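Colleague: I am new to this protein and would be grateful for a guided reading. May I put some questions to you?

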Amino acid sequence: MKNKKILYQEVSDSIKKDIIEGKYPLNTYVPTEIELEKMFDVSKITVRKAIQILCNEGYLVKQSGKGTEVISNRPFNILSKASSFTTVLEKQGNVVTKSILSVEETDLVTDMTFKHDRVIEITRLFEIKEEPAIFFKHYISVPKNSDLNSIQTENFSLYAFMASIGTQISYIDDQFSAVEATEEVKNRLELSKEFVLKRVRQSFDKDNQLVEYTVAFYDSDKQPYIIDYEV
C-alpha cells in the first residue's frame, strides 16, 4: 500500500506536469475534486492535499463558486517570485517574437558535467518590436531516447520541454556581466556597439546535477533588462 504522503505528491506532480505542458492552459480551470478523484482513483483528502500543494507553489488559485484556476505554468514557479524578462515585456504590451535558429547534439561543452551524456544545443533569437534583442545558446541535458520533435514547434517553451523529458529544476544560478560582443553576437543582434549584457544561467535538479546551461546576450540599448519581483 502506498504511503499517503507519496500518493498526494504524485497526484500533485502529475497535475503540475499537465499544467506546464499546456493540457490546462493559463486562466482555465483544472478538473473538479470529484473528477480528479476518479482520474487518479484516490480519496478526496488526497486530491485536496495535492491541490493545496499547487496553490502554495503558485500554480493554482481556488475561485469561490467557479473552481480551481491555473494562474501560472512556469516549471520553476516555487524557486522565485520574479517574473521572467519576456513576461514583463509582454505585460507592458511589447510584441516578443521567438524563433529557433538551430537544434543539434553537441560535445563542445567539455568543461562541465551534465546529468546525462547526451547534450543538445538550441540557439534562439528573440525580437522585440521586430528588432533582434536577445540571442540565446541553451545546452540541455537530455535522456538518450528523448523525442526532440517538439523543439521545432512554433510555441516552443524551453522549460515545458524539459518538464516533458522528466527534468525538474530545483535550483538556478544566474550571473550577469558586461562583455565584449563576439562577431557572431554582433551579427545576430545587429549591434553597432562593442559591449553587450551577458547572462549565464545554470539549472540543477534535486540531486544537484546540471540539467541546463544557457548563455544569453541582450542588447540593452533596444530594451533595458527589467526585473519585476513580487514580495
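The exchange below concerns a predicted model.

Colleague: Which residue ranges does the domain assignment give for domain 1 and domain 2, and what distance separates their centres?

Modeller: The domain assignment places residues 7–70 in domain 1 and residues 85–218 in domain 2. Taken over C-alpha atoms, the distance between the centres of domain 1 and domain 2 is 30 Å.

Colleague: How many residues does each domain bring to the contact, and what area do domain 1 and domain 2 bury between them?

Modeller: Domain 1 gives four residues to the contact, and domain 2 gives five residues. The size of an interface is often given as the accessible area lost when the parts come together. Of the area buried here, 61% lies on carbon and sulfur atoms, and the total is about 310 Å².

Colleague: How many salt bridges are there between domain 1 and domain 2, and which classes of residue lie on the side of domain 1 that touches domain 2?

Modeller: Between domain 1 and domain 2 the count of salt bridges is zero. Residue pairs in polar contact, with both residues at pLDDT 80 or more, also number zero. By class, the side of domain 1 that touches domain 2 has no polar residues, one nonpolar residue and three charged residues.

Colleague: How many salt bridges does the structure hold, and which parts of the chain does the one between Glu 33 and Arg 48 link?

Modeller: The structure holds 16 salt bridges. In one of them the side chains of Glu 33 and Arg 48 meet, at 3.0 Å from N to O. These two residues are 15 residues apart in distant parts of the chain, with Glu 33 in helix α2 (residues 33–40) and Arg 48 in helix α3 (residues 44–56).

Colleague: Why do Glu 33 and Arg 48 count as partly exposed?

Modeller: Partly exposed residues lie between the limits of 20% and 50% relative accessible area. Glu 33 counts as partly exposed because its relative accessibility is 28%. Arg 48 falls in that class because its value is 44%.

Colleague: Which elements hold Lys 137 and Glu 184, and which residues form one network through shared salt-bridge partners?

Modeller: Lys 137 and Glu 184 form a salt bridge whose closest N and O atoms are 3.0 Å apart. This pair is 47 residues apart and links strand β6 (residues 131–141), which holds Lys 137, to helix α6 (residues 183–189), which holds Glu 184. Elsewhere, the side chains of Lys 44 and Glu 37 meet in a salt bridge at 3.1 Å from N to O. Salt bridges with shared partners join into one network Glu 33, Glu 37, Lys 44 and Arg 48.

Colleague: Is Thr 167 buried or exposed, and which residues does Thr 167 touch?

Modeller: Thr 167 is found in the loop between α5 (158–164) and β7 (171–180). Thr 167 is buried because its relative accessible area of 10% is under 20%. Leaving aside residues up to four places away in sequence, Thr 167 touches Ser 141, Met 162 and Val 211.

Colleague: What phi values do Asn 27 and Asp 41 have, and are these residues buried or exposed?

Modeller: Asn 27, in the loop between α1 (4–20) and α2, has a positive phi of about 70° although it is not a glycine. Asp 41, in the loop between α2 and α3, has a positive phi near 55° and is likewise a residue other than glycine. The relative accessibility of Asn 27 is 56% and that of Asp 41 is 70%. With a limit of over 50%, both Asn 27 and Asp 41 therefore count as exposed.

Terms used. Residues numbered from 1 in each chain as written. Heavy atoms only, no water. Domains from an automatic or database assignment. Contact = heavy atoms within 4.5 Å. Buried area = accessible area lost by both parts, 1.4 Å probe. Salt bridge = Lys/Arg side-chain N within 4 Å of Asp/Glu carboxyl O. Polar contact = N/O pair within 3.5 Å; in protein donor to acceptor, adjacent residues only side chain to side chain. Nonpolar A, V, L, I, M, F, W, Y, C, P; charged D, E, K, R; others polar. Helix = DSSP H or I, 4+ residues; strand = E, 2+ residues; numbered from the N terminus. Buried < 20%, exposed > 50% of the residue type's maximum accessible area, 1.4 Å probe, protein only.
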